[in-house]
Amino acid sequence: MYADFIAGWAAGGAGLLVGHPLDTVKARLQTMNIYKGIVDCMVKTMKQESVYGLYKGMFVPFLSTGALHSLLFAGYGAGLKFLHPGDSNVMARKDLPMSDILIASICGTLAQVGPVIPVELLKTKLQVQRENVGHFSKHSQNLYAGPMECARETVRTEGIRGLFKGGSVVFFRDNIGYLFYIPVYEGLSRYFRTHNLENTYTQLFAGGCAGVSGWISVCPLEVVKNRMQADKSHKTISPKQMALKIYREEGLRSFYRGGWAISLRGFVVNAVIFVVYENTYAFFD
């Protein structure tokens, strides 16, 4: 299981480096109505806040993303090891029943979903800040200078529970999204393998498709989650109330705002994640 843990850490870190700017764009498109699309959001963000604006909220994920992916893949590996005690190496995993892949995916999801909630909350709050705030400059009382101040202010105004706002949405989002994630990757990998097409390029493609399928399946939940976590009113609002509010004010299409950004990010990030994971796992196994 230690190989899954190490490989997951390396894969999570690699995915974060290539995908955070698009994650910021996705969060802004889903919480603000001032952008025309991906390019408009990126251009305006860099023009108003420099390239740093695209990397807002990265510090907390930088410290935690490796650990969270380690928990995901370690839980996945533990599930497979429990179901198949003698088949822990990378080659033995390639032809396990897809039902077992699904069960192991659920194990991985449950292992990481608790810690991911406060990380997502801090990241989202920082990403949706549009004003140009330098690390060492005086800033408005309505802004956070960094993740520690964001966490302190959240706890001060909302209590510890404030760090877990939107937690129920994250729980359902991850449990649904990860049902597509690893199984789609494994399914495509098996297809390419049976046609003698298994190589780095097909790994990248399978990982990218896994990411897109996982994220598109939960895009409405991601919109609701981001709106709840970005809300500064400190009012208690349930996911159902937020969903109805979005629908009444903006219509059904708003639940897929940022869909192109989430798809593009999902493909790029997870193409990298699975290639790094597979190679790191094979090295340490």
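The following exchange concerns the aromatic rings of this predicted model.

Colleague: How many aromatic pairs does the count give?

Modeller: The count comes to 10 aromatic pairs.

Colleague: What makes F73 and F274 a pair, and why is the pair called edge-to-face?

Modeller: The ring centres of F73 and F274 are 6.2 Å apart, which is within the 6.5 Å allowed for a pair; their planes stand at 85°, and because an angle over 60 degrees counts as edge-to-face, the pair takes that name.

Colleague: Where along the chain do these two residues sit?

Modeller: F73 belongs to helix α3 (residues 59-83) and F274 to helix α11 (residues 259-284), so that, at 201 residues apart, the pair links distant parts of the chain; both F73 and F274 are buried.

Colleague: Why is the pair of Y178 and Y181 also described as edge-to-face?

Modeller: Their planes make an angle of 65° at 5.2 Å centre to centre, and because the cut-off for edge-to-face is over 60 degrees, the description applies; Y178 and Y181 are separated by about one helical turn, because they lie three residues apart in helix α7 (residues 167-194).

Colleague: How do you know whether Y178 and Y181 are buried or exposed?

Modeller: Buried means under 20% relative accessible area; Y178 has 17% and therefore counts as buried, and Y181, with 4%, is therefore buried as well.

Colleague: Which residues do ring pairs link into a cluster?

Modeller: The cluster consists of F73, Y178, Y181, Y185, F274, Y277 and Y281.

Colleague: What lies over the face of W215?

Modeller: K26 does, at 5.6 Å from the ring centre, which is within the 6 Å that the definition requires.

Key: Residues are numbered from 1 along each chain as its sequence is written. This is a predicted model: local features need pLDDT of at least 70, side-chain atom pairs count only at pLDDT 80 or more; totals for chains, interfaces and linings use all residues. Side-chain values use heavy atoms; hydrogens and water are left out. Rings of Phe, Tyr and Trp (its six-membered ring) pair if their centres lie within 6.5 Å; planes under 30 degrees apart count as stacked, over 60 as edge-to-face and the rest as tilted. Helices (H or I, at least four residues) and strands (E, at least two) are DSSP runs, numbered from the N terminus. Buried means under 20% relative accessible area, exposed over 50%, partly exposed in between (1.4 Å probe, protein chains only). A charge sits over a ring if NZ of Lys or CZ of Arg is within 6 Å of the ring centre and within 35 degrees of the ring normal.
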